[in-house]
Amino acid sequence: MAGYFSVLLVLLTLGSGLIWLIDHLMYAPKRQERLAIAQTSAGAPLDEETAALIAPEPVLTETAKSIFPMIAAITIFRSFIFEPFQIPSGSMMPTLLVGDFILVQKYSYGIKDPVWRTQLVDIGDPERGDIVVFKYPLDESVDYIKRTIGLPGDKIVYRDKRLYIQPNCKEGEAQQGELLCNEFNKIDFKLINDNEFKQGPMPLARVNENLTTVTHDILINPQAPERKGRYYQQPGTPSDEWTVPADHYFMMGDNRDNSQDGRFWGFVPKENLVGKAVFIWMSFEFENGPDDILPGWVPTGVRFERLGNIQ
């Protein structure tokens, strides 16, 4: 849906701008000529009402001139600077909740044209721990949001609800940040609580995970079994191990047992990246309304304490 809206904005911008330009070059001069002749005949300046009767501006042109600056500004802002997104699911809990409205920094990983998404300027790459919006590799009309776990060349293991990362190091490099090269590093985590969140009747453990570049909280369901049989099977590796290809990234949700992420469908190509999630600008509480009056989830309050930068 976001992709279709981007195309619509571009078409509106180009259409209104083209109408304005054609009128400015071809028709506006003719209206000015008629006004000049009428003014000469009258021997005095014409008031606005009389001028509008003698040389009326077409409604289409007037509309295009009024909306073009606003539409152009929105298109530029949304396509190249920041784009708003709404969090639709709990896959990134506890970092992002259903009802959070976020801003995504579009230029973090390069500037793309808003229609064909061709890379125009290469600015940077995701870092481990970045929360990224991207086009879902199996259906690029859908936007996903997950956390960057594996960088190109990294080896990732997810076993017994723990992450192990072997970073892609340069030749002769012994350590990458706090991760040792040429071996799997068990990612540290510390239990925060086990009674704040629930998945149905089952309590979830809130754990602080340290990816070395950023610490963040995740949720784990201690009673949920591993789903190795459904994991994406990369040729030549065990079912719970993945080697990230060049120009690809391995993404996971923070709600580890309730997230359809890279463990199940593989890797995100660099060209699918949309931007980095950086700010929560609004957050609504929701509850399930009565089906006969307010079907579905309806907002019941604002969580002002959640507004701010995303960790």
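These notebook entries record what I looked up in the structure, which is a predicted model.

**Entry 1. The sheet around E8**

I began with the sheet that contains strand E8. Four strands make up this open sheet, in the order E11-E8-E7-E15, with antiparallel pairing. I noted E11 and strand E15 (241-243) as the edge strands, since each pairs on one side only.

I then asked how much of E8 is covered. Strand E8 spans residues 162-166, and four of its five residues are buried. I recorded the strand as mostly covered.

Next I followed the partners of E8. Strand E7, residues 155-159, pairs with E8 in the antiparallel sense over five bridges. Within this pairing I found arginine 159 opposite arginine 162 in E8. The hairpin of E7 and E8 has two residues between the strands, and there aspartate 160 takes a positive phi near 55°.

I also looked up the pairing of E8 with strand E11, residues 185-186. The two run antiparallel and are joined by two bridges. Tyrosine 164 stands opposite lysine 186 in E11. For isoleucine 165, the bridge partner in E11 is asparagine 185.

**Entry 2. The disulfide**

How many disulfides does the model hold? I counted one disulfide. Cysteine 169 and cysteine 181 form it, and their sulfur atoms lie 1.9 Å apart. The angle about the S-S bond is -90°, and I entered the link as left-handed.

I then located the two ends. Cysteine 169 sits in the loop between E8 and strand E9 (175-176), while cysteine 181 sits in the loop between strand E10 (179-180) and E11. The two cysteines are twelve residues apart, and the pair links distant parts of the chain.

Is cysteine 181 buried or exposed? Its relative accessible area is 6%, so I recorded cysteine 181 as buried. The cut-off for that term is under 20%.

**Entry 3. Strands E12, E13 and E14**

I moved on to three strands that follow one another in pairs. Strand E12 (residues 189-199) and strand E13 (residues 202-210) run antiparallel and are joined by seven bridges. I noted arginine 206 in E13 as the bridge partner of asparagine 193. E12 and E13 form a hairpin with two residues between them, and glycine 200 in the turn has a positive phi of about 65°.

On to the following pair: E13 and strand E14 (residues 215-220) also run antiparallel, with six bridges between them. Here asparagine 208 has aspartate 217 in E14 as its bridge partner. Four residues lie between the strands in the hairpin of E13 and E14, where threonine 212 takes a positive phi near 75°.

**Entry 4. Alanine 277**

I selected alanine 277, which I found in strand E18, residues 273-288. Is this alanine buried or exposed? Alanine 277 has a relative accessible area of 4%, so I entered it as buried.

Which residues are in contact with alanine 277, leaving aside its neighbours within four places in sequence? I listed Ile102, Leu103, Val104, Ile131, Ile145 and Ile310. I also checked its separation from glycine 253: the two are 24 residues apart in sequence and 13 Å apart in space, C-alpha to C-alpha.

**Entry 5. The cavity**

I turned to enclosed space. Rolling a probe the size of a water molecule over the atoms shows where empty space is left. The count came to one cavity of 30 Å³ or more. The largest cavity has a volume of about 50 Å³.

Which residues line the largest cavity? I wrote down Tyr158, Lys161, Pro225, Glu226, Arg227, Tyr231, Arg256, Asp257, Arg263 and Phe264. By class, this lining has six charged, four nonpolar and no polar residues.

**Entry 6. The second largest pocket**

My last search concerned open space. The second largest pocket holds about 370 Å³. It is lined by 21 residues, of which the closest to its centre are Phe85, Gln86, Pro88, Asp143 and Tyr144.

Which elements give two or more residues to the lining of this pocket? I found helix H1 (2-42), strand E1 (82-86) and strand E6 (143-150). By class, the lining of the second largest pocket divides into 13 nonpolar, four polar and four charged residues.

Key
Residues numbered from 1 in each chain as written. Predicted model: local features only at pLDDT ≥ 70, side-chain atom pairs only at ≥ 80, totals over all residues. Heavy atoms only, no water. 1 Å grid on protein atoms, 1.4 Å probe; cavity = no way out; pocket = protein on both sides within 12 Å on 5 of 7 lines; lining within 4 Å. Points joined across faces, edges and corners; volume = space filled by probe spheres on them. Nonpolar A, V, L, I, M, F, W, Y, C, P; charged D, E, K, R; others polar. Buried < 20%, exposed > 50% of the residue type's maximum accessible area, 1.4 Å probe, protein only. Pairing = 2+ DSSP bridges. Contact = heavy atoms within 4.5 Å. Disulfide = S-S within 2.5 Å.
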